[in-house]
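Biologist: Could you show me how to read a few features of a structure, beginning with a helix and ending with a single side chain?

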Amino acid sequence: MKNLFGLRFALNQLKKTPIISLTIITTLAITIGVLICVATLNYYLNFKPLPYTEEGSIYQVNNTFHEPGDKKEWLAFSIPLLEELYKNNSEFEESALVFYWEDVVSSLEYQPNVGLAFITPEYFSLFDAPMVIGNHFDVKDGIKFDEASAIISHEFWQNHFAGDADILQKKLTVDGVSYAIVGVLDSRFEEPLLREQPFASQIWLPWAFSPISEEEKSDWAQINSNAVYYARLNSNENEEHAAKAITQRQHERWESALKGDIDFANWRISNQLTNLRVAIIGDTYKTANLMLIAALGLLLIAASNLINIVLSRSLQRLHQFAVRATYGASISTLFKEAFIEYMLPIAIAVILAFPIASYGFILFEEHFGASIARAGDLSIGSFSVIVGIVVGTLLTSIFAYLTIRPVGNGSLSDLLQSSGKGVSAQVSKSARNGIIVFQVAVASFLVFSNLVLFNDAKIKIDIDYGIQLDNVYSVRLSFPSGEEQSQAQIGGLLKEVKSSLMALDSVESVSQSRSPANNFGWISITPSTLDKPIISNFKFIDEKYFSLLQQPVISGETFTLSDMNAGSQYAVVNEAFWATHYKDISLEEATVDVYGDVYRVIGVVKGVSTPRADNNTPRLYLPARPGSLDFMVKLSHNNIPKEYLVNGVKAISSQFSIWQYSSIKSLFDDSMLVERTTFFTTFIMIVTVLILACIGLYGIFTYNIDLRKQEVATRLSLGAFRKDIILMIASDIGRVIAVGLVISTALVLLLTKLYSEDVSMYLTTDLIHISILSVSIIAITAFLSAVRPVKKILRTNLRDLLK
């Protein structure tokens, strides 16, 4: 009955004070919702098991090539080395090879570009892949399984075949090969998406059909970063021992295969075993941790705002509590009543927080799906509910404690005298100042931290690439590898495609080159100033590349159409390459050996930046091969549909498909997704923190200044000027704000020392300006919060102030 009475009383309080109740519910619903959302993300990243049997025993096996002296390292496999490991190992119970690729499904009407995974059959058992229809590939054939079969994702089945029940009678054509669909994966299957994997797979095909050339399959010197090796470690093996044994065996095999090749003399390889969870999550947990700190900060600011309201309400009821205590009510009884009173609005807030958190999950998937692991898997579960209940209970307990605290801290007679008619109980000055210091400290810490991340992201986003990218598109063609045509025939067709594209009305220029948005390759070369080979960045380009991008030529010249047609062995380098290798010789003397062919350096161009490399990276440009399927197209205006270019390509040969048509700017933007997300997220966080801080500080300043109205009236009546009053209040506020800023600074310095390695990248001269800006923003926010209360009291009639 007492609890029922308490709930009725709480409901009446909601009705009597709707504005205060709505403030509590709204503020807590939003901040608790944000906290549940971010806490759930951290739970998924750090604790929630992956949906695979004995996930702790599954590893990604990596291979690293080390240049002599460990000057450079390349994390990649050579295909023969990878297949050797698959066939000969005793450390693993089972293992699977995967080659990630993208290509066009030419048999479908819209020829979608999809993610492909060329696999060995063990993949499905390793990752517990359930089927809706059909069967997995036959495991007994392993790497030799060569049936033209395809298994598709549940999403692909629904989107492109409308869930057709006769799907096993259908076929798909990819790269000229017709694959019979033999199965559909269950929607519950979660593909292990690695951090460096830019897309999810929609079709799984046998390893034997991978786009790896026959040359690469037998070349131990070529490296490929698209190939991945997964394995389940034997129960009697440990990670360190297995890595050492594999490294020794693989190095001996690789060294034996390349014996006598001077380009790889004194090179070595090493193998590392990375637990699947680490391979998937990477360092994204750091971003999630920062989000959690920010979410806790928002909740603390919101809670401190509400504490001011709670303290004011508790003093209004102090006389009632004192009378009840006089008649025998215990502190625990009063606490229970206060607990029930606040439990109702906070429970409502927690309930509303769940749909807010669910909406946050949607935003995570849309904006963080490509940058934070498992962001697309989030949902409200038992952990989310526990977080909501714990936070709600904790806040209710704190508010209830603060409500009855004055009763427990004073004698009943003093309480009755200080809370009777005509006598006003007040929140102590130390409590008021404590709230201000706390809000300023938390707000300034969050503003500073977010400004650091905001500034770092802005610098990266605003990078000057050094080239003109307006209306420039990357166009990549697909040509069936099974077609029996020579490279010369394909090269002739591509030359016609280039002319056909150039003839289109909206096309200004065409270059048969891979765009800067597609990574530069690596190649073994020997500049004429060196006596041993090095590995360098390079790109195959044609005569239009530099003019289309408006990349400035510093000295010499670039390729001409005559050079391309004649197959001239010319090369162009950027400023960084020249400064590194040729600064002491003339342009006429500069040559570079590329696998035994000597190219003469005819020009030097200005360096360009990309999202992942600055303009100080040495780069070599070589004449494009006639069979290159990569083009850059500069259009007269934006938003020209893909079909417009398809017509130009199909006019030459129906065998070609366009599997990439993207503006280079959008490709750069996609590779800057993390930075752009950080930019907008931190901006929103800064604004939210300032709004919450402003609301809280306004409330406490209004209360503080209202308590001093008689003091202000007395000073004014004795001849004090208004500016003197303003200076007096500003001085008092300034001292309290300064304490909060000092505490915040100390916290920043402490965390910087504890996590020096993680924050070292942000320790630049910009930090001074950011610190000054943070202090200024918080100080201005605090003083603006005090302006209205001060103005209000100064405009009030002296007679009213003295009442």
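Modeller: We will go through a helix, a strand, two loop residues and one buried residue, bearing in mind that this is a predicted model.

Biologist: Which residues of helix α19 are buried, and which exposed residues lie on the face turned away from its buried side?

Modeller: The general idea is that an α-helix has 3.6 residues a turn, so residues three or four places apart point the same way. In this structure α19 spans residues 642-650, and its buried residues are L645, G648 and V649. These cover an arc of only 100 degrees around the axis, which puts them on the same side of α19. The face turned away from that buried side carries E643 and N647, which are exposed.

Biologist: What covers the buried residues of α19?

Modeller: The cover includes two elements that come before α19 in numbering, β12 (472-478) and α15 (487-502), and it also includes β13 (507-511) and β22 (657-663).

Biologist: How should I read strand β20, and which strands are joined to it by bridges?

Modeller: For a strand, one looks at its burial and then at the direction of its partners. Strand β20 (residues 619-623) is mostly covered, with five of its five residues buried. Strand β15 (residues 534-541) runs parallel to β20 and is joined to it by five bridges, and within this pairing F540 has L622 of β20 as its bridge partner. Strand β17 (residues 570-574), in contrast, runs antiparallel to β20 and is joined to it by two bridges, with V573 having L620 of β20 as its bridge partner.

Biologist: Which residues other than glycine have a positive phi, and where are they placed?

Modeller: Here one reads the backbone angle together with the place in the chain. Among such residues is N471, which is not a glycine yet has a positive phi of about 60 degrees; its place is in the loop between α14 (429-461) and β12, and at a relative accessible area of 22% N471 is partly exposed. Another is Y595, with a phi near 50 degrees, placed in the loop between β18 (591-594) and β19 (597-605); Y595 counts as exposed, at 55% relative accessibility.

Biologist: Finally, is Q660 buried or exposed, and what does Q660 touch?

Modeller: For a single side chain, one reads accessibility first and neighbours afterwards. Q660, found in strand β22, is buried, with a relative accessible area of 14%. Leaving aside residues up to four places away in sequence, Q660 touches S474, V475, R476, N518 and L667, and a polar contact of 2.8 Å joins the side chains of Q660 and S474.

Note on methods: Residues are numbered from 1 along each chain as its sequence is written. This is a predicted model: local features need pLDDT of at least 70, side-chain atom pairs count only at pLDDT 80 or more; totals for chains, interfaces and linings use all residues. Side-chain values use heavy atoms; hydrogens and water are left out. Buried means under 20% relative accessible area, exposed over 50%, partly exposed in between (1.4 Å probe, protein chains only). Helices (H or I, at least four residues) and strands (E, at least two) are DSSP runs, numbered from the N terminus. The arc is that of the directions from the helix axis to the C-beta atoms. Contact means heavy atoms within 4.5 Å. Two strands pair if DSSP finds at least two bridges between them. A polar contact is a pair of N or O atoms within 3.5 Å; within protein, one must be able to donate a hydrogen and the other to accept it, and residues adjacent in sequence count only if both atoms are side-chain atoms.
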